[in-house]
Amino acid sequence: MKFQLAHFACISLAGLLLASCQNTAPSNAAPQAEMNLPPAWSTPDSPNSSVSDWLASFGSPQLKSLAQEAEENNLGAERAYQRTQAAAAAARISKSLRLPSLNASLRSSESQSMLSFSPPSSAQSENHSLGLSARWEIDLWNRLGLEARSAIAEYQASQYDFEAFKLSLSGQVARSWFSAIEAKLQHELALASAKNFATNLESLERRYSRGLVDAFDLRLTRAQAASSNATALSRRSQMDASVRNLEALLGRYPAAELELAADLPALPPPPSSGIPATLLSRRPDILAQQNRLASALSLATAARRNWLPSLSLTASDGTLSNRFSDLLDSDFNVWSIAGELGASLFQGGRLEAQREQLDANQLAQLAAYQETILNAFREVETALRAEGDLRELEDATRLSAEENQLAEQQAWQLYERGLVDITAVLDAERRSFNARSQLISIQNQRLQNRINLHIALGGDL
């Protein structure tokens, strides 16, 4: 089968010469959001150095292992990864539109027609064809190039989305891990408190049997012991729910079998937060939105070029015969070659509406980009401020817990000497328990806030 390369090459060369005169494509970089960036954060920066592995900075090897397990098994991570694969395929599809297409075809048909004779008669005919056809749209104005660039930017955005999801997932694992440990410590504290109340109740019942205390004191103590048992049961349920939530996050069956650490880790030194401007190139969610803005800009520019003429080259070569056996015979060769220059004259307002739609989408993406940046700044500022506030709160709560424990011990001594009534003793015990419980909670809050700070700064620095 002989293809007419000479004719096709002439028209192709003319198309390439025209394509070389096309406008230079705009840069893929999105414009920066128009906002005044402060030179430093409102909260004084930490003097510490960068953190190369923020998860490892907590000094918990098990936490690092759990984060890796979640990344491998979490269904949300799989969903995010497959979105990147779909975006990559869309980018390849868009790039392929700039290349020539080649198709092969084999067609056979048989038909019958009536002839106008008297009487009428019929005639049957066969038609068989075998051929190759090629088509190429010359991208005169880089319209297809802009659409391909838009698809590539969307793919890059999906990659940053995946990175942002992995960072968020690691944060969720760390938060859930520390929250589960807190729930365990709260349960242990509630059990210890219930055991203490039970011991005091036994002592009081023995004294009541000897007539040393009245029934009022005994009933109040019994009520407090029952309330303490109820609190322990409630804390056990919270611990169970926390462990199951973490297991589901890891992609495991939520059987509440995960072994927790004995205690919350000591808070490591805070990372250096740098300057606000560096956040724009560090956070994956900002970079994802930046690429989506670039994609919208490319599409809006391409839409304006839909009004310009387009040039297409087509060519075909093959055989045609009324006998199938002749399809491989070069004597039955047929070919065609053509160039088509066309322009849209009337589309019922479709092209104009498409341009307006893409312009509006471009402005929406710009607003989303600016909103993402503002939210990022807010998250960093909030976490930096909370660092100092929670540190002071922990110091005050620790002092409160220590003093309340001493007050609880003294209250029982005074009660045994008849200097205070039972209500003062029970109130001291409640205060002591609540202060110690609050201290555990604030220690976890500081860890949670540190996680928020790492996520807000974009993870590893």
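At what angle do helix H4 and helix H5 pack, and how far apart are their axes? In this predicted model, helix H4, which spans residues 143–209, packs against helix H5, residues 215–249, at an angle of about 160 degrees, and their axes lie 8 Å apart. Because angles over 145 degrees count as roughly antiparallel, H4 and H5 are described as roughly antiparallel to each other. The crossing in which H4 passes H5 is left-handed, and the residues of this contact divide by class into 20 nonpolar, 14 polar and six charged.

From this helix pair one can follow H4 to a single position, Ser170, which has its place in that helix. Ser170 has a relative accessible area of 12%, and since buried means under 20%, Ser170 is therefore buried. Once neighbours within four places in sequence are left aside, the residues in contact with Ser170 are Trp54, Leu55 and Ala67.

Trp54 leads on to the interior of the model, for in the largest nonpolar core, which has 33 residues, the members that touch the most others are Trp54, Leu63, Val173, Trp177 and Phe178. At least two residues of this core come from each of helix H2 (61–73), H4, H5 and helix H8 (422–456), with H4 giving the most, 11 residues. With neighbours within four places in sequence again left aside, Trp54 is in contact with Leu167, Ser170, Gly171, Ile451, His454, Ile455, Gly459 and Asp460. Apart from this core lies another, of 15 residues, which includes Leu279, Ala383, Leu384 and Leu457.

Technical notes
Residues are numbered from 1 along each chain as its sequence is written. This is a predicted model: local features need pLDDT of at least 70, side-chain atom pairs count only at pLDDT 80 or more; totals for chains, interfaces and linings use all residues. Side-chain values use heavy atoms; hydrogens and water are left out. Axes are lines fitted to C-alpha atoms, for helices over the stretch in contact, and angles run from 0 to 180 degrees between N-to-C directions. Helices (H or I, at least four residues) and strands (E, at least two) are DSSP runs, numbered from the N terminus. Angles under 35 degrees count as roughly parallel, over 145 as roughly antiparallel, 65 to 115 as roughly perpendicular and the rest as oblique. A crossing is left-handed if the near helix is turned anticlockwise from the far one by less than a right angle, and right-handed if clockwise. Ala, Val, Leu, Ile, Met, Phe, Trp, Tyr, Cys and Pro count as nonpolar, Asp, Glu, Lys and Arg as charged, and the others, Gly among them, as polar. Buried means under 20% relative accessible area, exposed over 50%, partly exposed in between (1.4 Å probe, protein chains only). Contact means heavy atoms within 4.5 Å. A nonpolar core is a set of buried Ala, Val, Leu, Ile, Met, Phe, Trp, Tyr and Cys residues joined through side-chain atoms within 4.5 Å.
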